Structures are given as structure tokens and as C-alpha cells.
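Colleague: I am new to this structure. Could you take me through the ligand site and one pair of helices?

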Amino acid sequence: MQNTNPAIENRAPALEQRFVQLFGESPRIYQAPGRVNLIGEHTDYNDGFVMPAAIGFYTRAAVAPRPDRKLAIHSQNYSEQVEFDLDHLPATGAGHWSDYVVGVVKMLVRSGKKLGGVNLLVDGNVPLGAGLSSSASIEVAVGYALLDLAESSTITRTQLALLCQRAENEFVGARCGIMDQFVASHGKRGQALLLDCRSLDLEYRQLPSPEVAVLAICNTMVKHSIAKGEYNQRRAECEAGVRALSKYLPQVRALRDVTPEDLERYGHELPEVVVRRCRHVIGENARVLKAAAALERGDLPAFGNLMLESHRSLRDDFAVSCSELDLMVELAEGVEGVYGTRMTGGGFGGCTIALVQAGCVEVFRRTVREGYERSTGRTPEIYICAAADGVDRIA
Ligand code: GLA
């Protein structure tokens, strides 16, 4: 599946050459994609439903074994190399790009995998800090590469995703849910994933062909530094909702188990802000299931309306949008041929996604870019994407 973004080219041969230059031998090369979430935001850590797709932006990992117990990691993006001793890995991350790699290595070791020394070169074109899951793509690419190199085929893609999520939760220190690592592992060309984040049951849903409609990702170019703290706070507010509601409804283990009627009935026992957070999650779970059904019947207008409702709920009830995301949504909504649009990912900056009728893409690009530039003085990046495959060896 092709991206029509000219900045994306196949960099595998160049990566191989660079690896030979750095380490003096030929590597195996692997890639894992970034992702965009179509609908189902802030539902994964509430045991709910999500519908993301992998996109054709990748992190590539070139690897070859070395005879000692060293882990040498070179980042092409940061032009920097670091080394670790496999038997003395740090206890937690240091706020460095290599945390994502070391965290995964640590979790592999902790799960009993016998790893030998390795030279590793990573390179990626997933826009950083844009909410397109560059971190999950590096984790999954590296995890898959090291397991393949160690000929450890006993781990499933789902186990790999869980291991990478653990690396992010426990080593990097971000309390993310399972969505990003899962889609980097299980992505499928042309398909969206419908994932039940409690059971991890996965179904695929065919996306419209590019001749019918495309996914347009609009990067606000805003990275909000508050994102991590706010993310953890939203999680805590959801947990507070569960704690309070389970006093009246003992079967409630997560917001997934709460119905709109439950919230109506017991909401007055909860702080108003917690009610709003719960209302978003409960409504969003229902929207994901409705969106999956709409996609099955080929009802793109219905799908698009659910995207718009999702955005309003994220903006007003969950309060994770920002003025630039709202502006981008407003601009896109006004363009002919746009079925729907919303912020995507954790929020507080990053990207929006729009589902756009095929013949209307050029007008969409122009209108959104000009409108956004006029109001903010920033030039947005717009990527026309199609759903891509998950992690794999490519050379
Ligand atoms: C981030 C997290 C995901 C998910 C989204 C919000 O991308 O990594 O686990 O919670 O935010 O839907």
C-alpha cells in the first residue's frame, strides 16, 4: 500500500550500506509501522474498543550478532551511537532515544530469552512527537528483530505487543495502553483493526479502496509538552470513576463495564469532571462498534459522523484536544467530500485524521493548508495514507 507523500522512500539499501560502514558486515533488516487511530480514543486502557490502522511510515532496525555481550545501538535520526552491557542494563530509562530499545531488550531478558551481543542500527520516517506512534514502531521493530535473530519463534505477535507495552510502561515510564504496539505488530494492508482491548480479540475491517476514499492525516506541527502528565491524569480520573461506580455496581472492573444508564443513575455520586471523562469513554466504545458496522455496510457518511462525534467528545468531555487540533478539524469539516474528521492519538497536539472522498483530495489539501497557515502562521504537513502491514523482515 503506497503513501503518496514524496518524503517517504525505500531506505533499506541505504540502511544496509550504512550498517556495513559502521559495523563491517551485512545485517538483517526489519521494519514496523506507525499508526493512525480511526476511532476509539482513550478507550484502550479502559478495557474498551479501538479501531486503528498501520500506516506506511516505518522504523527500520538493521541487526547482526556480535561475539561479546555488548549491545551497540546507532540511531540514524540522531546520528548518535550508544553501548550497553547486556548483563548490566540500567534499571529504568534515562529520557534518551535509546530507552525504547533498551526497554525492549530488558523485557526480553526478563521473559527468559537468551540474547547474545548485537549491533543495531535504527532509522525511521515516522514523524516524531506527532501522535503517530513512532515509539511503538521502534519497540516492535527491535523486539521482532532480536527475537528473529535469536531464532526464538515461540512468541506470538500479540505477546510481542504486550512485551513492548511493558517496556514502555515499566522502563520508559509512560502508562500507555496496548493499542499502538498491537497495531504495529498486527497491521494489515488495506484493513483497519477492530480490537477488543480486554480480550485482545482482533478482527479486521476492510477500508474503502483508494479510488473511493483515502485517509488524510494532518499534522498540526504542535507538540504539547503537557501531554504525558495530562495522559496519566486522564487515566487516574477514569480509575477514580471505576472505583466510585463499583461501590454500587460490583461487577464493574473497568469503564468498559459501565452503561450510559449506570452513569445516569449513579453519576451524581462522582465529581463532575470524572462524570465527563466516563461519559466520553462509554460513548466512544459504543461509537467504535457502530463505526465497525458502518464500515461493513460501506456507509462512509455514517462512519464520518461518528468521527465528528468522537472529536466533540474528546474536546468537550475528555478535554484532550487543543486549539490547533480543533481548528484543523473545523477546516477539514468544511471541505466538500470530507466524510468525517477528528483528532487522533493521545491529544494535546499531533495530528487529525480525515476520511476524504478520492476526487476531493487536492482541494482538501489546499484548503486545509491555506486555512491553517492563515490562522496559525504554521505550515501543516498532510499525509495521504493507506493501511499498511505490521512488523516484518524486509531484507
Ligand atoms: C496514546 C497511547 C495509546 C492510547 C492513545 C489514546 O497513543 O499510547 O495507548 O491510549 O494515546 O487513545
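**Ligand site and a helix pair**

Modeller: This is a predicted model. The residues of the shell around the ligand divide into four nonpolar, three polar and four charged.

Colleague: Which residues are around the ligand?

Modeller: The model is a predicted one. The charged residues of the shell number four, beside three polar and four nonpolar. By name, the residues around the ligand are R35, E41, H42, D44, Y45, C176, G177, M179, D180, Y231 and G346.

Colleague: How much of the ligand's accessible area does the protein cover?

Modeller: Polar side-chain atoms of D44 and Y231 lie 2.5 Å and 2.6 Å from an oxygen atom of the ligand. For E41, an N or O atom of the side chain is 2.7 Å from a ligand oxygen. On its own the ligand has 310 Å² of accessible area, and the protein covers 91%.

Colleague: How is helix 6 oriented to helix 8, parallel or perpendicular?

Modeller: Helix 6 (residues 227-248) packs against helix 8 (residues 272-296) at about 95 degrees, with the axes 9 Å apart. Angles of 65 to 115 degrees count as roughly perpendicular. Therefore helix 6 to helix 8 is roughly perpendicular.

Colleague: Which residues of helix 8 does helix 6 meet?

Modeller: The residues of this contact divide into five nonpolar, one polar and three charged. From helix 6 come R234, E237, C238, A240 and G241, and in helix 8 they meet V274, R277, C278 and V281.

Notes
Residues numbered from 1 in each chain as written. Predicted model: local features only at pLDDT ≥ 70, side-chain atom pairs only at ≥ 80, totals over all residues. Heavy atoms only, no water. Near = heavy atom within 4 Å. Polar contact = N/O pair within 3.5 Å; in protein donor to acceptor, adjacent residues only side chain to side chain. Areas by Shrake-Rupley, 256 points an atom, 1.4 Å probe, with all protein chains shown as cover. Nonpolar A, V, L, I, M, F, W, Y, C, P; charged D, E, K, R; others polar. Axes fitted to C-alpha atoms, helices over the stretch in contact; angles between N-to-C directions. Helix = DSSP H or I, 4+ residues; strand = E, 2+ residues; numbered from the N terminus. Parallel < 35°, antiparallel > 145°, perpendicular 65-115°, else oblique. Contact = heavy atoms within 4.5 Å.
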